[in-house]
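Hi,

Here's the structure I promised to pass on. Could you have a look when you get a moment?

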Amino acid sequence: MEPQYDFGMVGIGVMGSNLLLNMADHGFGVIGYDTNPKKAKDLEEAAKPGTTVKGTVKLEEMMQGLKRPRKIMMLVPAGKPVDDVIENLLPYLEKDDIVIDGGNSYFKDTLRRVNYLQEKGFHFFGMGVSGGQMGARLGPSMMPGGDQGAYQYLKPILEAVAAKADGVPCVAYMGKGAAGHYVKMVHNGIEYAMLQIISEVYDLLRRGASFSNEELHTTFAGWNEGRLKSYLIEITAVVFKTLDSEDGGYLVDKILDQAGSKGTGKWTSQEAMELPVSIPTIDMAVAMRELSVYKELRVAASKLYQPTINKIKEGHQQLLSQLEGTLFFSFLIAYAQGLSMLAKASAELDMQIPLPDVVNVWKSGCIIRSTMLVNFSSVFKRNNHQPNILLDDEIATLIKPTYQSVKNVIALAMQAGIPVPSIMSALSYFEAFCTDRLPVNLIQAQRDYFGAHTYQRIDKPGVFHTEWHVNQ
């Protein structure tokens, strides 16, 4: 077969086929491989007239039809399936071919694969893809990381199909090794936090202030017209007006309160502890998803303790104003924690992650896109190595006016008996971050007392140990 295809895909489910169709619409010849003949046929039938799209159930056919250096992307479940596909590809690969994993793989697995294929003369990219099925079709946010020299072959295709923010493609080289999947992992951690924060505000409005679904829809739709404008606020408004096709009631009220997860949030928390860097709002979001799974235990505890929800008496307009400020504050803190993790990981793991590009890639097409990212771009224009965006003067002017609202909302939540752990963690993180002297001097004294772990002093350099019991 004469090579005629610019890009190949292994795994042409909805995501894989949509991304290929997106590429074909932009003038690239694409071929997709899947063991399921129906998926291969569906891909071809979905192609627009005049585009070059091929579906096949023969891996050899795909590999023979690709132009050199060949660019092959996998969209298969993370873990062993990725390794299995790589092994299946190996007999067909030639020097300088590029293999891309577009799934949510653990970054340490990606780094292992980068090294494994590099030794054989091939390039491997771990690429985070955000935006879901429609994003893949109309323009996703993409975070590729790997060999920068090989990125030149991917760049024209990826920039053509990516979402655009002010005309700029939401894709960029994210750094060395497994940087692409690391950035996507942190992206997902921030997503966990934002979703949890929104759910806590929903709980306050629904159970605490007795808002109807119609009022909730109006509230979130209104917030999406202002500084909270974001994909997650937008879809939340849609959720509240969606009706159940079975009985005509509101669908959100019929959904079981057990949250699913694919592990990326947990990875973010685990890796933050390894660095170490503090991301308590993301950690709490992970913990609350885990707690939600124990539905039977929660029901039993509810019967045992019979908690009372005290209605919030705050005026609606004042309450909504304070909650809007709380969302803004808490979202910003979640972003700050995630970006600070990327800054630390970039240095500690030598990934050379370009934080200005990370922020730009997230501006459109991805799940955590929001107008806030424009402010973060300004931060990194002033200092592209800013370790924490909370240290920026402009960010300080944005966050200071919301501080009291967050404290008021937490007080209302405590009086109502409604848990808001992520919002509380965001406030505590902010207050601790702004404290020039934390009480951990006591912890150091205690550690030295029971374990001779030593301590440092504020009045002179050195490392010290005290025989504490002697001084009693």
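Below are my notes on the sheet, some helix packing and a few backbone oddities.

One thing up front: this is a predicted model, so please read everything below in that light.

**The sheet**

I'd start with the open sheet, which has seven strands in the order 3-2-1-4-5-6-7 and mixed pairing. Strand 3 (53-56) and strand 7 (141-145) sit at the edges, each pairing on one side only. From one strand to the next, the twist averages 20°.

Two of the pairings are worth a look. Strand 4 and strand 5 are parallel, with four bridges between them, and Met 74 has Asp 101 in strand 5 as its bridge partner. Strand 6 and strand 7, on the other hand, run antiparallel and are joined by five bridges. Over there you'll find Gly 126 opposite Gly 145 of strand 7.

Strand 5 is covered on both faces. Ile 98 and Ile 100 are buried on one side, and Val 99 and Asp 101 are buried on the other. Note that Asp 101 turns up twice, as a buried residue and as the bridge partner of Met 74.

**Helices around the sheet**

Helix 2 (residues 37-46) lies across strand 2 (30-33) and strand 3, at about 170° to strand 3. Helix 5 does something comparable further along: strand 5 and strand 6 are the ones it lies across, and its angle to strand 6 is about 150°.

Then there's helix 4 (residues 80-89), whose buried residues are Val 82, Val 85, Ile 86 and Leu 89. Looking down the axis of helix 4, these fall within an arc of 100°, so they line one face of the helix. That fits the usual geometry: an α-helix has 3.6 residues a turn, so residues three or four places apart point the same way. The cover over the buried residues of helix 4 includes strand 1 (7-10), strand 4 (71-74), strand 5 (98-101) and strand 6 (123-130), along with helix 3 (59-65) and helix 5 (107-118).

**Two helix pairs**

Helix 14 (residues 316-348) and helix 16 (residues 372-382) have axes that come within 11 Å and cross at roughly 45°. The two are therefore oblique to each other, and their crossing is right-handed. From helix 14, Phe 328, Phe 331, Leu 332, Tyr 335 and Leu 339 meet Met 372, Leu 373, Phe 376 and Phe 380 of helix 16.

Helix 11 (residues 264-274) and helix 12 (residues 280-292) have axes 9 Å apart and pack at about 140°. This pair is oblique too, but here the crossing is left-handed. In this case Gly 265, Lys 266, Thr 268 and Ser 269 of helix 11 meet Ile 282, Asp 283 and Val 286 of helix 12.

**Backbone oddities**

Which peptide bonds are cis? One joins Arg 68 and Pro 69, with omega about -15°; Pro 69 is in the loop between helix 3 and strand 4. Another joins Leu 275 and Pro 276, with omega about -5°, and Pro 276 sits in the loop between helix 11 and helix 12.

Two non-glycine residues have positive phi as well. Ser 210 has a phi of about 60°, is in the loop between helix 8 (179-208) and helix 9 (213-223), and is partly exposed at 45% relative accessible area. For Gln 306, phi is near 45°. Gln 306 belongs to the loop between helix 13 (295-305) and helix 14, and counts as exposed at 61% relative accessibility.

Cheers

Conventions. Residues are numbered from 1 along each chain as its sequence is written. This is a predicted model: local features need pLDDT of at least 70, side-chain atom pairs count only at pLDDT 80 or more; totals for chains, interfaces and linings use all residues. Side-chain values use heavy atoms; hydrogens and water are left out. Buried means under 20% relative accessible area, exposed over 50%, partly exposed in between (1.4 Å probe, protein chains only). The arc is that of the directions from the helix axis to the C-beta atoms. Contact means heavy atoms within 4.5 Å. Two strands pair if DSSP finds at least two bridges between them. Axes are lines fitted to C-alpha atoms, for helices over the stretch in contact, and angles run from 0 to 180 degrees between N-to-C directions. Angles under 35 degrees count as roughly parallel, over 145 as roughly antiparallel, 65 to 115 as roughly perpendicular and the rest as oblique. A crossing is left-handed if the near helix is turned anticlockwise from the far one by less than a right angle, and right-handed if clockwise.
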